[in-house]
Amino acid sequence: MSAESASAIPRSQVDLLDFIDWSGVECLNQSTSHSLANALKQGYREDEGLNLESDADEQLLIYIPFNQVVKLHSIAIKGPEEEGPKTVKLFSNKEHMGFSNVNDFPPSDTIVLSPDNLTGKPVLLKYVKFQNVRSLTIFIEDNQSGSDVTKVQKICLYGTTVETTDMKGLKKIEDGH
Amino acid sequence: MVLEATMICIDNSDWMRNGDYSPSRFQAQSDAVSLICGAKTQSNPENTVGILTMAGKGVRVLATPTTDLGKILGCMHGLEMGGEMNIAAGIQVAQLALKHRQNKNQQQRIIVFAGSPVKYEKKVLEMIGKKLKKNSVALDIVNFGEEDDAKPEKLEALLAAVNNNDTSHMVHVPPGPNALSDVLISTPVFTGDGDGGSGFAAAAAAAAASGGASGFEFGVDPNIDPELALALRVSMEEERARQEAAAKRAAEEAARQEKGEESSSKAEDATMTDHVNDSASEENKKTTDDMALGMSMNISGSGHAIDAEMLDATSEDQELALALQMSMQESTPSDASKVLEDQSFVSSILATLPGVDPNDPAVKDLLASLQNQSEPKKDDEPPNESK
């Protein structure tokens, strides 16, 4: 069964790009010339020619921490028809996962992408499971055609923030202020 | 200075009893291991190192990744040799040990000492390599000891499967007089990926690395005699600096030659004006002129050209020499080029020069460049009529 697409992003949901903590972003099994930045970062992800590609085999494990707590509503994944991802498992708040322990925990959500989803339409997630997300792990298990290389052109996360303090934004109050 | 967790896989099989490395293969290996542990912990205090043995009854982890150097060196004692090396199991256990490291921010690295024959197939090793690469584990292989036909090929295949952006390396150490540790110091196994290495191996590693993989700079082994190597290097640099200064001074000499009327123009004498009347430079005239002229050709748009001509002219015509001298002394040292402004003077001087044809295009270019200098004319030089 393919995942249901949203027709449009509800107005309250924002692109969570600004809340990603880039210093902690990791991707296992990515090819060095086609790295995660090509799929996530503003500018790179809009470029059709720049993809995130897998290296040794077709699986990819992406770890994205956020700098504040967010609620995740939907995710849009864009990729080529043949080598785009098919089965995608999402884990919330699990740090430093490896390929060996992805199957040890149940994922917070599993989506199976159809070629239609791969055009970049956002896919609704189980919102109730993603109410309190500090970090997100995306495990791409296989791709559409079963080839050895998985290509992802764009990953977009949509959601809202919970009112938490961004510790980095705290500034010391000057004396005599 | 990369934050790293390292697992060292030691070969303690029966093949290690061999004495082709002094004192024995096993001892050489132990020394190398101790050096590596020291280097890793020194390059970054948070680095951890662990040890496991691959042969004996089975793969056995002697120490999980720890910062405690004493514990690591202690567990190297009393190791027994025997059995056969199980490289596949060894690497896999090492990977597992690294997975459960305490500090997840550390990069993962495995160093394998492969001293005995590898009994696994290339395919199996490639699979293991791929798995390591997938989990971003780097692998260093030290190939020493037993020389088997298929061994280098298998290890190369393993390295190729693991290697991601040159983070993994392989080192071949043939048996010989050099100790295993000495050879390793100059390799990337020790120095890390271009970081330059740890404190206590940095000088040796840098010197050896700069001298090339196999040779040493100045023919002196920096490991054996670091002070000598350092002294040689320092003296070489001093010599180079001195030569540069000498060359610079020689250039300045040519600039002041006509003022100084130097007979031995190559002398390092700054007070040229003392030798104003000394024009007996017959024997050196030719060479000096050619050299000075050559220099003047190279130095475009400067006042040196006229100096060469001056020198030549003065040798032939004493009165002219004196006159020129006086005019030179009147002007400031940097204004030597004022004389050049008199075009007719310049061309007449040039005509008197042996071997210089005023119609030569090079000479014409030079004249043109001299003309472009915007200095006030100083017409107090008597024109040279002796054409």
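In chain A, 48% of the 177 residues count as buried, where buried means under 20% relative accessible area, exposed over 50%, and partly exposed in between (1.4 Å probe, protein chains only). This is a predicted model, in which local features need pLDDT of at least 70, side-chain atom pairs count only at pLDDT 80 or more, and totals for chains, interfaces and linings use all residues. Residues are numbered from 1 along each chain as its sequence is written, chains are lettered from A and ligands numbered from 1 in the order in which they are written, and side-chain values use heavy atoms, with hydrogens and water left out.

Chain A contains 1 helix and 10 strands; helices (H or I, at least four residues) and strands (E, at least two) are DSSP runs, numbered from the N terminus. Along the sequence, these elements of chain A follow the pattern β-β-α-β-β-β-β-β-β-β-β. Of the contacts in chain A with a separation of 6 or more, 82% involve residues 24 or more positions apart, a contact being heavy atoms within 4.5 Å. The area that chain A exposes is about 8,900 Å², and carbon and sulfur atoms supply 48% of it; accessible areas come from the Shrake-Rupley method with a 1.4 Å probe, and for residues only the protein chains shown count as cover.

Chain B offers a sheet to follow by eye. Here 6 strands form an open, mixed sheet in the order E3-E2-E1-E4-E5-E6, where two strands pair if DSSP finds at least two bridges between them. Strand E3 (60–66) and strand E6 (169–172) of chain B are its edges, each pairing on one side only. On average, neighbouring strands of this sheet are turned by 15° against each other, direction ignored. Within chain B, strands E4 (residues 107–114) and E5 (residues 137–143) run parallel and are joined by 7 bridges; B:Val112 has B:Ile141 in E5(B) as its bridge partner.

Helices also lie across these strands. Helix H1 (residues 25–43) of chain B crosses strand E1 (4–10), strand E2 (48–53) and E4 of chain B, at about 175° to E1(B). Helix H3 (residues 87–99) of chain B lies across E1, E2, E3, E4 and E5 of chain B, at about 155° to E4(B). Axes are lines fitted to C-alpha atoms, for helices over the stretch in contact, and angles run from 0 to 180 degrees between N-to-C directions.

Finally, the cysteines. A disulfide is a pair of cysteine sulfur atoms within 2.5 Å, and the count over all chains is 0. B:Cys75 is in no disulfide, the nearest cysteine sulfur, that of B:Cys37, being 8.1 Å away. B:Cys75 counts as buried because its relative accessibility is 18%, and A:Cys27 counts as buried at 11%.
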